[in-house]
Amino acid sequence: MRISDFWRLMDDEFGPAYSRVLASDLVLTGLGGKTASQALEKGVEPKRVWLAVCDIQEIPQERRLGRDIKPKQA
């Protein structure tokens with residue numbers, strides 16, 4: 001997962017403004033007490049950070065992959 005995918009998932013689930021607040025303020029115990037932003041800065045894989053956010057926020061399994069994106073028409 002790329003960092004851009006992480007932010008897309010965060011924005012889709014929490015909204016663009018609140019996702020930034022969560023990323024900077026929510027301490028993720030599964031990542032050693034770092035916030036999502038700190039973990040990403042330290043090089044933690046974005047998928048691992050996303051799943052840690054999902055765990056602590058109790059995001060259901062069916063929403064952890066994000067919304068379906070229709071392929072672009074050529």
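Thr35 lies in strand 2, which spans residues 34-35. The model described here is predicted. With a relative accessible area of 6%, Thr35 is buried, because a residue counts as buried when this value is under 20%. A polar atom of the Thr35 side chain lies 3.4 Å from the backbone oxygen of Ala23. When neighbours within four places in sequence are left aside, the residues in contact with Thr35 are Ala23, Ser24, Asp25, Leu26 and Leu28.

**Helix 2 and its two faces**

Ala23, the partner of Thr35 in the contact just described, belongs to helix 2, which comprises residues 16-25. Which residues of helix 2 are buried? They are Ser19, Leu22 and Ala23. These residues lie on the same side of helix 2, because they cover an arc of only 95° around the axis. An α-helix has 3.6 residues a turn, so residues three or four places apart point the same way. The face turned away from the buried side of helix 2 carries the exposed residues Ala17 and Asp25. Asp25 is also among the residues in contact with Thr35.

Against which elements do the buried residues of helix 2 pack? Their partners are helix 1 (3-14), strand 2, helix 3 (36-41) and helix 4 (46-57). Strand 2 is the element that holds Thr35.

**The nonpolar core**

The largest nonpolar core has 19 residues, of which Met10, Leu28 and Val49 touch the most other members. Helix 1, helix 2, helix 3 and helix 4 are the elements that give two or more residues to this core. Helix 4 gives the most, with five residues.

Met10 offers a view of how parts of the chain meet. Not counting residues up to four places away in sequence, Met10 touches Gly15, Ser19, Leu22, Ala23, Trp50 and Val53. Among these contacts of Met10 are Ser19, Leu22 and Ala23, which are the buried residues of helix 2. Leu28, another of the residues that touch the most other core members, is in contact with Thr35.

**Salt bridges**

How many salt bridges does the structure hold? It holds five. Side chains of opposite charge can pair when their charged atoms come close. The table presents three of the pairs, with the N to O distance and the relative accessibility of each residue.

| Pair | N to O distance | Relative accessibility |
|---|---|---|
| Asp12 and Arg8 | 3.8 Å | Asp12 33%, Arg8 26% |
| Asp11 and Arg20 | 2.5 Å | Asp11 22%, Arg20 38% |
| Glu13 and Arg63 | 2.6 Å | Glu13 22%, Arg63 40% |

In the first row, Asp12 and Arg8 are separated by about one helical turn, because they are four residues apart in helix 1. Asp12 counts as partly exposed, and so does Arg8.

In the second row, the side chains of Asp11 and Arg20 meet in a salt bridge. Asp11 counts as partly exposed, and Arg20 is likewise partly exposed.

In the third row, the side chains of Glu13 and Arg63 form the bridge. This pair links distant parts of the chain, with Glu13 in helix 1 and Arg63 in the segment after helix 4, 50 residues apart. Glu13 is partly exposed, and Arg63 also counts as partly exposed.

Key:
Residues numbered from 1 in each chain as written. Predicted model: local features only at pLDDT ≥ 70, side-chain atom pairs only at ≥ 80, totals over all residues. Heavy atoms only, no water. Buried < 20%, exposed > 50% of the residue type's maximum accessible area, 1.4 Å probe, protein only. Polar contact = N/O pair within 3.5 Å; in protein donor to acceptor, adjacent residues only side chain to side chain. Contact = heavy atoms within 4.5 Å. Arc of directions from axis to C-beta. Core = buried A, V, L, I, M, F, W, Y, C linked by side-chain atoms within 4.5 Å. Salt bridge = Lys/Arg side-chain N within 4 Å of Asp/Glu carboxyl O.
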